[in-house]
Amino acid sequence: MNPEKLAKLQAQARIGGKGTPRRKVVKSTKAVSKEDPKIASTLKQLGVQPIPDIETINMFMESGKVMAFKAPRLSANVEANTFVVAGKAEEKSPEQALTEMISRMGSFDQNTLSQLAKMTSGMQSSTDAGDVDDDIPDLISASEEQDKSTDLDAAD
């Protein structure tokens with residue numbers, strides 16, 4: 001290489017005076033989320049263990065909305081049926097949440113879901129066509145009901 005070009009490049013890269021590094025090192029700081037000591041002690045008392053590699057959690061509420069957590073911290077004690085979800089929650093409509101769930105599942109599962117939807121819609125149409133009570137037998141016959149009503153009239 002040409003020594004003049006090399007000297008020119010070195011002069012451009014140096015930020016400070018003699019003895020300083022040639023390029024500025026940019027340090028990226030990550031936000032470290034420390035849990036509150038009271039929360040940490042309560043979680044320890046509950047005996048929950050962290051469950052890693054959870055991408056999303058969707059909670060369907062009674063109001064019809066969906067509470068979605070992206071990259072949550074999940075801890076659980078299965079024996080005590082205790083689950084702790086920590087993270088930022090976002091409220092969504094059920095359509096948005098289901099669309100995201102189906103897109104994550106892949107093409108194989110979409111085919112399976114469409115087949116299940118066809119089967120369940122076929123089952124619903126067959127139950128709508130006939131009366132559901134026709135399939136359920138009566139436990140008490142009509143003659144037994146008349147006997148009970150006459151017994152009640154005689155007791156008066």
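In which helix is the place of Met-105? Select Met-105 to find out: the residue sits in helix H3. This is a predicted model, and the tour returns to Met-105 at its last stop.

**The whole chain**

Start with the protein chain in a cartoon view. It holds five helices and six strands. Followed from the N terminus, the elements run α-α-β-β-β-β-β-β-α-α-α. The chain has 156 residues, and 9% of them count as buried. Switch on a surface: about 13,700 Å² is exposed, and carbon and sulfur atoms supply 56% of that area. Among contacts between residues at least 6 apart in sequence, 36% join residues at least 24 apart.

**First sheet: E1, E4 and E5**

Select residues 49–51, 73–77 and 82–86. The first range is strand E1 and the last is strand E5; the middle range is strand E4. Together they form an open sheet of three strands in the order E1-E4-E5, paired antiparallel. E1 and E5 stand at the edges with a single partner strand each, so one side of each has no neighbour in the sheet. On average, neighbouring strands of this sheet are turned by 30 degrees against each other, direction ignored.

In general, the strands of a sheet pair through backbone hydrogen bonds, in a parallel or an antiparallel way. Show E1 and E4 alone: they run antiparallel and are joined by three bridges. Pick Pro-50, and opposite stands Ser-75 in E4.

Now centre on Ser-75. Is this residue buried or exposed? Ser-75 counts as buried because its relative accessibility is 14%, and the cut-off for buried is under 20%. Leaving out residues up to four places away in sequence, Ser-75 touches Val-48, Gln-49, Pro-50, Ile-51, Thr-82, Phe-83 and Val-84.

Move from Ser-75 to one of these contacts, Thr-82. Thr-82 lies in strand E5. With the same residues up to four places away left out, Thr-82 touches Leu-46, Val-48, Ser-75, Ala-76 and Asn-77. Draw a distance from Thr-82 to Leu-46: their C-alpha atoms are 8.0 Å apart, while 36 residues separate the two in sequence.

**Second sheet: E2, E3 and E6**

Select residues 56–60 for strand E2 and 89–92 for strand E6, then add residues 66–70 for strand E3. These strands make another open sheet of three, in the order E2-E3-E6, with antiparallel pairing. E2 and E6 are the edge strands, each pairing on one side only. From one strand to the next, the twist averages 25 degrees.

Take the two pairs in turn. E2 and E3 pair in the antiparallel sense over five bridges, and Phe-60 stands opposite Val-66 in E3. E3 and E6 also run antiparallel, joined by four bridges. There, Met-67 stands opposite Glu-91 in E6.

**Loops with positive phi**

Most residues other than glycine have a negative phi. The next two selections have a positive one.

Select Asp-53, in the loop between E1 and E2. Asp-53 is not a glycine, yet has a positive phi of about 60 degrees. Its relative accessibility is 75%, so Asp-53 counts as exposed.

Go on to Ala-71, in the loop between E3 and E4. Ala-71 is not a glycine either, and its phi is positive at about 50 degrees. Ala-71 is exposed, with a relative accessible area of 61%.

Which residue takes a positive phi in the hairpin of E2 and E3? Select Gly-64, where phi is near 100 degrees. That hairpin has five residues between the strands.

**The nonpolar patch**

For the last stop, show the side chains of Phe-60, Leu-98, Ile-102, Met-105 and Leu-113 with the surface on. These residues make a nonpolar surface patch of about 430 Å². Which helix gives the patch its largest share? Helix H3, residues 94–105, does so with three residues.

Met-105 belongs to this patch and has its place in helix H3. With a relative accessibility of 42%, Met-105 counts as partly exposed. Phe-60, also in the patch, is the residue that stands opposite Val-66 in E3.

Terms used: Residues numbered from 1 in each chain as written. Predicted model: local features only at pLDDT ≥ 70, side-chain atom pairs only at ≥ 80, totals over all residues. Heavy atoms only, no water. Buried < 20%, exposed > 50% of the residue type's maximum accessible area, 1.4 Å probe, protein only. Contact = heavy atoms within 4.5 Å. Patch = residues over 30% accessible without salt bridge, like charges linked within 9 Å, V, L, I, M, F, W, Y side chains within 5 Å. Areas by Shrake-Rupley, 256 points an atom, 1.4 Å probe, with all protein chains shown as cover. Salt bridge = Lys/Arg side-chain N within 4 Å of Asp/Glu carboxyl O. Pairing = 2+ DSSP bridges. Axes fitted to C-alpha atoms, helices over the stretch in contact; angles between N-to-C directions.
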